[in-house]
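Here are a few short exercises to help you find your way around a new structure. Take a look at the model first, then work through the solutions one step at a time.

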Amino acid sequence: MPTLDDPRRLLAEAAEHHRRARTLIERAVAVRERALAIIGELTHVLAGAQQERQRAARPREKYERRCPRCASTQFETTGSIRAEKGLFKISGRCGSCGKPYIFVNLRR
Ligand SMILES: [Zn+2]
């Protein structure tokens with residue numbers, strides 16, 4: 001036979017479960033926010049590293065026909081010439097040591 005204590009005990013139990021659930025949800029939200037912040041930072045760092053790699057991989061631009069490695073003035077074009085902001089950018093390599101670089105010349 002049920003007594004009056006049963007529904008009171010059940011209500012108290014429900015309140016306790018509710019309190020615990022709220023604490024867990026608050027923790028989950030905090031953990032999620034922290035994870036998103038870390039992902040944001042990592043994405044930023046990785047994007048910077050990727051840009052740095054691309055910069056390093058691109059041949060150097062030189063405004064004189066002189067090898068950035070050995071200073072030789074021999075230059076062999078590799079076929080690609082593009083016009084950019086009033087300048088000619090000629091892809092090539094050093095005729096002496098083979099170092100690739102881009103010779104930038106005034107457009108005329
Ligand atoms: Zn060279």
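**Exercise 1.** Work out how many of the 10 residues of β2 are buried.

Step 1. Start with the terms: a residue is buried if 20 or more other C-beta atoms lie within 10 Å of its own, exposed if 12 or fewer, and partly exposed in between, with C-beta atoms placed from the backbone. Strands (E, at least two residues) and helices (H or I, at least four) are DSSP runs, numbered from the N terminus.

Step 2. Now count: the number of buried residues in β2 is zero, so the strand lies largely in the open.

Step 3. A word on the source: this is a predicted model, where local features need pLDDT of at least 70 and side-chain atom pairs count only at pLDDT 80 or more, while totals for chains, interfaces and linings use all residues. Residues are numbered from 1 along each chain as its sequence is written.

**Exercise 2.** Find the order of the strands in the sheet.

Step 1. Begin with β2 (residues 75–84) and β3 (residues 87–94), which pair in the antiparallel sense over seven bridges; strands count as paired if DSSP finds at least two bridges between them. Phe 75 has Cys 94 as its bridge partner in β3, and Ala 83 is bridged to Phe 88.

Step 2. Move on to β4 (residues 100–106), which is antiparallel to β3, again with seven bridges. Here Arg 93 sits opposite Pro 100. The β3–β4 hairpin has five residues between its strands, and Gly 98 takes a positive phi near 85 degrees there.

Step 3. Put it together: the four strands make an open sheet in the order β1-β4-β3-β2, with mixed pairing. β1 and β2 are the edge strands with a single partner each, so one side of each has no neighbour in the sheet.

**Exercise 3.** Look at Ala 71 and Lys 85: what is phi near in Ala 71, and about what value does Lys 85 have?

Step 1. Recall the background: most residues other than glycine have a negative phi.

Step 2. Ala 71, in the loop between β1 (60–62) and β2, has a positive phi near 70 degrees. It counts as exposed because it has 10 C-beta neighbours inside 10 Å.

Step 3. Lys 85 lies in the turn of the β2–β3 hairpin, with two residues between the strands, and its positive phi is about 50 degrees. It has 6 C-beta neighbours inside 10 Å, so Lys 85 is exposed too.

**Exercise 4.** Describe the helix α1 and the division of the chain into domains.

Step 1. α1 (residues 5–57) has 53 residues and spans 77 Å from first to last C-alpha, close to the expected 78 Å; that expected span is 1.5 Å times one less than the number of residues.

Step 2. Check its cover: zero residues of α1 are buried, so it is hardly covered.

Step 3. The chain splits into domain 1 (1–58) and domain 2 (59–106), with bounds from an automatic or database domain assignment. Their centres, taken over C-alpha atoms, are 54 Å apart.
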